[in-house]
Every structure is written in C-alpha cells, then in structure tokens.
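This report looks at how two protein chains meet and how they are related to each other in space.

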Protein chains: 2
Amino acid sequence: MKNLIVGQSGGPTAVINSSLFGVIKEGMNQKERIDHIYGMINGIEGFLKDRYIDLEEELTSEQLQCLRTTPGAFLGSCRYKLPEDLSDPVYPKLFKKFNALNIGYFFYIGGNDSMDTVSKLSRYAASHRESVRIIGIPKTIDNDLVMTDHTPGFGSAAKYVASSVAEIGIDASVYEAKSVTIIEIMGRHAGWLTAASVLARKFKGDNPVLIYLPEVPFEMDHFLHDLEEAFKTKNNLVVCVSEGIHDKDGTFICEYSGEAGVDTFGHKMLTGCGKYLENYVKNHLKVKVRSVELNVNQRCSTFTQSLTDAREASIAGSSAVTAALDGNTGKMVSFVRDKEPGYDISCELVDVNEVCNKEKTVPLEWITKDGTDIADDFITYARPLIQGNPAIPMKNGLPNYAYRK
Amino acid sequence: MKNLIVGQSGGPTAVINSSLFGVIKEGMNQKERIDHIYGMINGIEGFLKDRYIDLEEELTSEQLQCLRTTPGAFLGSCRYKLPEDLSDPVYPKLFKKFNALNIGYFFYIGGNDSMDTVSKLSRYAASHRESVRIIGIPKTIDNDLVMTDHTPGFGSAAKYVASSVAEIGIDASVYEAKSVTIIEIMGRHAGWLTAASVLARKFKGDNPVLIYLPEVPFEMDHFLHDLEEAFKTKNNLVVCVSEGIHDKDGTFICEYSGEAGVDTFGHKMLTGCGKYLENYVKNHLKVKVRSVELNVNQRCSTFTQSLTDAREASIAGSSAVTAALDGNTGKMVSFVRDKEPGYDISCELVDVNEVCNKEKTVPLEWITKDGTDIADDFITYARPLIQGNPAIPMKNGLPNYAYRK
C-alpha cells in the first residue's frame, strides 16, 4: 500500500484549502488503497528540506471542517521553479525522498508555475520509470489557466470584487458633489477579475461606469474623455482598472510613477496604477477623487467565499485522488461546463504539458468595442461562479480559521 | 397628528441604514400618533432645497428589509455645518419648512458634527417656542462619541478589521521568507478601530504582533527596533497602524510622504502612512514588505456586518422615535452596558449639548506600556460588539442592496 503527498504552491486563494480538504477526505475514503496522507510544508521547496506532516495526525475532525473556509495555504506555499534540465541532481534527490516515504501519489495545488512543476516531475518520472503518479489541481484567482472552463479560486475572488465594488459604489454616492472613485483590481495580464466588477451593476447605468482590462491598451487622454462623457449623466463615478493596464507601447500605467521591481519568476512587481490615476484625475478635473486598491483581501476573504467555488475546489481535490488511483499521471484536473440548461460542471483530465506556462486572457469579444465595458456573455459565464454563501464555523465572533500548531 | 422626518449625515457605516430601518419601523408602529414618515435627501443640506421623500411610498416591504443589510446612506448624506449664530436666517427658513410639512419629530443619524446640528436646532426650537422634537441617533465607525458605551457602526467596522487582519495575516504567512505587512486602518484621532485588530489574534504570539494607535506618539526609530525584536521569534510580521499616527511633535506620519515621491508630471504623490512606512521599512530592512490600506471597505461591508451592531443600530432608531413621542427633545440616544454577567445594553437619553464637538479616545491604560499592543480590558470591551452574522437577502449571488429609484 502506497502513501499520498500533497502540496500547495503559488499565491493563495480563498478556497485553496478546500482543494486540500478534498484530497484529504478522498484519501481517507480510500483507506484500503492509501496508507498515510502527507502534506509538504512550503511546497516542493520545503519538501526538499524534509519538511512534511502527517495530515491525519495534524488535523482534528473539527479543524478539517474549518479548512474549507480558511483562506491562505494551510500547508504553506513556495515560488520554487524546478530546473528546465531534467538531468539536474534535484530530480533524483526528490524521487529518492518520495521513495523513502513510499509515496505513490503526488498532488500539487497551484497555478501556471505549479503546473510547470507537475509537468517536469511527471516527465522525469516517465523517463526514469518512477512509479509515483503526479496530478495537478488547478488554483488561481486570475482564472488564466487554459483547458479548463474556469479555475477554483476565481469564483470567490470574483464575488469579493463584485460585492466590494457594489459597496464602494454605494459608499461613494452618499454626497451630492461630483466624484471619481478608482478601484484597482488584481490581474497582471488577464482581466478576468476586473471584468467581474460588472456583476456589481444593479441596473442599467449603475456603477461601475467604466471598466478597463489589460487586454485592451489604456490611453490617458481617452480615459479623461471617458470620465467627462460619464459625468454628463452621473455625479459619482466608479471606475475599475486591472493592476496590469498598460498603454499601446506596452508600458504599464503603474510604471509611469517611476518604480517597478521584478519577482523571482522575472514578473514585474506591479503596484499603484489606481493611485497614479487618482493623482492624474485630480490634476486634470476639478472633482473629488479617491482610489481603492482591493489588494490581498481579494484572494483571502472568508465571508465572501462562493459556495459554488468552494465545492468545486473540493471536488477538484477529490477527483485528483481518484484519477491517480485509476492510474493517471502527468494530468491536471479540468472543469468542463455542462450544456444548458442550468449550471454544473464535470471534472476531466488534461495533459499538464498543454497547460503550464500558458495564459488565458478575456476574449476580446467579451470586451465592448470602445474598451470600457464588459459584454453580457461574460456575465452569463461568470454569474454562476459566485453563487451561494458557505456555512462558516465561528469562534469568538470571527471565522474559526484552521492553523498548523 | 404630526409627521416625522429623518436624515443621515456624515460618513456612512455598515449599519446606518439599520438605524433608519428602526426609525421607519417604529414610526409605522405608531400610526395612531404619526402620519407621514419623511426622509431628507442629503441631510439638512438637501432639505433646505426641499429634497425629501415619503419613505412609506418609496420603500416596498422587501426593500425595507434589505435596508438592514445595505451599507452607505440610503437617504444620501451631507457635511453641512449650521451657523454658530442662531439668529442666522437659515434657522427660521428651516423651521418654516418643518411647519409647512407639519413635522413634529426630527431625527438625525450621525456622528460628532451631526450632533452639533441636533444641538443647534434644538436650542433654536427651545428659544423660539417651536414644537418640533429633535433627537440625535449616534453613528460612527470611529466609536469616538462621549456619553455612550459605544456607537452603532463600530461593531461592524471592528469585525471587518478583525477578520481582514486575521485573513491578511494568514495570507502573509504562506511563504518562508521574512516579511512585514503593514495594515493601515481608519481613525484620525481615536484608535478604537485599529485597536480592534487585536481581536484577530488566535493565540499568544499570533499576528498582529505590533499595533500603533494615534493616542501614543509614533517614532520611526522605535518602530524599526520593534520590528527587529519581533523578527527574533517570528518570520512573517503583521503590523497595524491607525491612519492618524503622528510623531511627538504632532506631525502625521502620512505627511512625511509629501517629501517622498514626485510623479512624472512633477506632482507630489501623496500616500497614506501605510505606504510611507512600507517604503521606509524596505529601505532599512532587507525583507519583503507590503502595505494594505483597508480603506472604505471598513465601513461598508455587508458580509462582515455584526448582527449585534445591526440590531443595536435598529434599536437606537426605534428608541429615538419613542423618546420623541414621550416628549423628549435635544437628546441623543445613548447605549449603557448592562452589569455582568453576559452582555446586553439599554438605551438611555443624554443631553446632546454634552456630546457634540467632543471626542472619546482609547483610554491609555488599554494600550500596553510600550505603546505597541492592546490590553485585555479592550478585548473584554470589544469582543461582544462583533458577535453574530446577519441573514443577508441575496439576489444574483450578491446581497440584495436597497436603493432609491
């Protein structure tokens, strides 16, 4: 009988621990085929330093339930990129550790970069006749993975964005004086999450009046013109922008303010296009201007978790376990949306090599012609993903968050 | 039979509309003594321009229920200060309008400045034998009104702060690398809301490890020292600061940023104290630093509404109506906490002249000696105020927010 190991990698989401819950629960259901259920601490990076726990020993049944509504990565995360060269000594080192722990099933919950890890490990295993079955479980608020209808984590983040934008819009409309409120939403290259702000609109003409995604070049002059047009029919304007909006030359608007770093994957560290635009509008229009950066709350709010998203995240985890037991490896769990009527999904498996290091952006036909609004097709796509409120276990007036002792 | 009029003033909260609900509901209960229930649009400023609505005509019973979980000010708000000189012509103008509408009862939901309006109107009424009874209903997330145990609006904002700080702390702890996360919380002069971040702590030594209120001077050198000490036992530090922290000379830390950055147009990039401290720490310690400004979400989040707060806000509204019917005027509704055991409040009336233009700060004995933490007495005080989750009417996956047609 083999053991199972699971890890979390990349940025956390509100439901990445629901996927962990799904893996653990299914692992416990398959006791006749799976012995221990291990968790890597800080992903593959921690595992290389022999950091792992036995999850059944660690978690009481109460804490296991709390996992479902606990944001962050219960096991800790990493941003560790395995070498491209599969003859690098890190690979035999890793598999020696897997074999020492009698690992038969390896699950990695993550986004693009994590699927790169799944791809490399499964390719190494195939070429070295290692028997560990390796499956990726998708996770990202950005919804930018290819070959899946959507990703676990997106629905909850979209619900946070939609409810926050609605509430900021209500808050910003209490005074008579003209105002602009600029809301900066996560998304470097794909505007899925910013597009979700359209779900905040309660009636035609309601805020947000302008929505800018990174899929369409952003021009400062057009922006001022768009605001002036919008002021003709409305006093309090809410504008939603992706953090990654850029001009037609590809320069990020946040870079206009002069600062930009680079993270360990070579991505530009982006902050502050909302703040930059706030100052810009203040200097050009004589109105009250405020900017709000939704920031990390987008990916870690328990109260705005989408029940649909949490359930699907858990199903993705349990499906990965049954897929591995069925003999699959080198795959990622993928969501396929059922045909109308009604909304539901089925889990399928896709080749992880076809997924990693690719990015799915918002189709241009879902962005209206002038690049300032979102089409109804997106609303039809996204609305089912934010449905339902979870039952949150409470303690001392706050969610009872699971944590490692 | 007389009519009732109600207005909202100052910054909105998550439960200011619960107080409005309480006024309307109690007004409807008293149909034998109250005829119409009017709402001023944009407070006293809008009323001076004859902007008001009949609330029973405006609100369906469904929308009336939705009011309880709708943030912002349903009636709109204003920041209009009545003249100090009670012989100013605005006063007879206002009372002429009251009389034309046959107003017998005037209710104003607001904070410090709004109680100033209540004080002036009631003093004018007394000296001119006007029969309108004028009652203030407290409201502020800042919890800085005197002569009341706490204010409606604080409990929900405190719950938002506590849950967000807990979740940001979880999010910030997923990687092994040392990090500092600075969370900027509302509160210019009083640190009540920042103090509520202590409620996020799940166990001794948990984040937030440092909490700075405006009641104690903030020194940059001490701050760096505090961080270095905290790093001795913890890798991921969460620090909570009030927006109004200032040095011993009274200069706000956010004002330091005036010298810090200039954008490409040569305009000053003004930021909050959190962003300033982020850059300061980046430049002095070799660790990852992030800042999060909780911003307006603190006062307008439906999902983190405290049921205790919402109910009390509604009771404050209904108490105001019965108090006016009982012949009271020139008063503010005040909360008196019951003696132990258990938590409950009673509503009493206090002289509004004793309340307006004063500010209640956090007692220094509730701030621990070195000015970086909060004492248990505050936790005992604040914990009951964040209890309970409301039943939120939902529509299309989001709260069904009430709005004016």
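In this predicted model, 64 residues of chain A are in contact with 66 residues of chain B. The size of an interface is often given as the accessible area lost when the parts come together. Between chain A and chain B that buried area is about 5200 Å², and carbon and sulfur atoms give 56% of it.

The table collects the values that describe the meeting of the two chains.

| Item, chain A and chain B | Value |
|---|---|
| Buried area | about 5200 Å² |
| Salt bridges | six |
| Residue pairs in polar contact (both at pLDDT 80 or more) | 29 |

One of the salt bridges joins A:Glu176 to B:Arg51, with the closest N and O atoms 2.8 Å apart. On the side of chain A that touches chain B, the elements that give two or more residues are helix H7 (154–172), helix H10 (273–284), strand S11 (288–293) and helix H11 (297–300) of chain A. Among these, H7(A) supplies the largest share, ten residues. By character, the residues of this side of chain A divide into 27 nonpolar, 23 polar and 14 charged.

How are the two chains related in space? Two copies of a chain are related by a rotation about an axis and a shift along it. Here a turn of 180° and a shift of 0.0 Å along the axis lay chain A on chain B with an RMSD of 0.1 Å, which is the relation of a two-fold axis. Within chain A, the residue that comes closest to the rotation axis is A:Phe303, whose C-alpha is at 2.9 Å. Because 91% of the interface residues of chain A are also interface residues in chain B, the copies meet through the same surface.

Key: Residues are numbered from 1 along each chain as its sequence is written. Chains are lettered from A and ligands numbered from 1 in the order in which they are written. This is a predicted model: local features need pLDDT of at least 70, side-chain atom pairs count only at pLDDT 80 or more; totals for chains, interfaces and linings use all residues. Side-chain values use heavy atoms; hydrogens and water are left out. Contact means heavy atoms within 4.5 Å. Buried area is the accessible area (1.4 Å probe) that two parts lose on being put together, summed over both. A salt bridge is a side-chain nitrogen of Lys or Arg within 4 Å of a carboxyl oxygen of Asp or Glu. A polar contact is a pair of N or O atoms within 3.5 Å; within protein, one must be able to donate a hydrogen and the other to accept it, and residues adjacent in sequence count only if both atoms are side-chain atoms. Helices (H or I, at least four residues) and strands (E, at least two) are DSSP runs, numbered from the N terminus. Ala, Val, Leu, Ile, Met, Phe, Trp, Tyr, Cys and Pro count as nonpolar, Asp, Glu, Lys and Arg as charged, and the others, Gly among them, as polar. Copies are superposed by least squares on the C-alpha atoms of residues with pLDDT of at least 70 in both.
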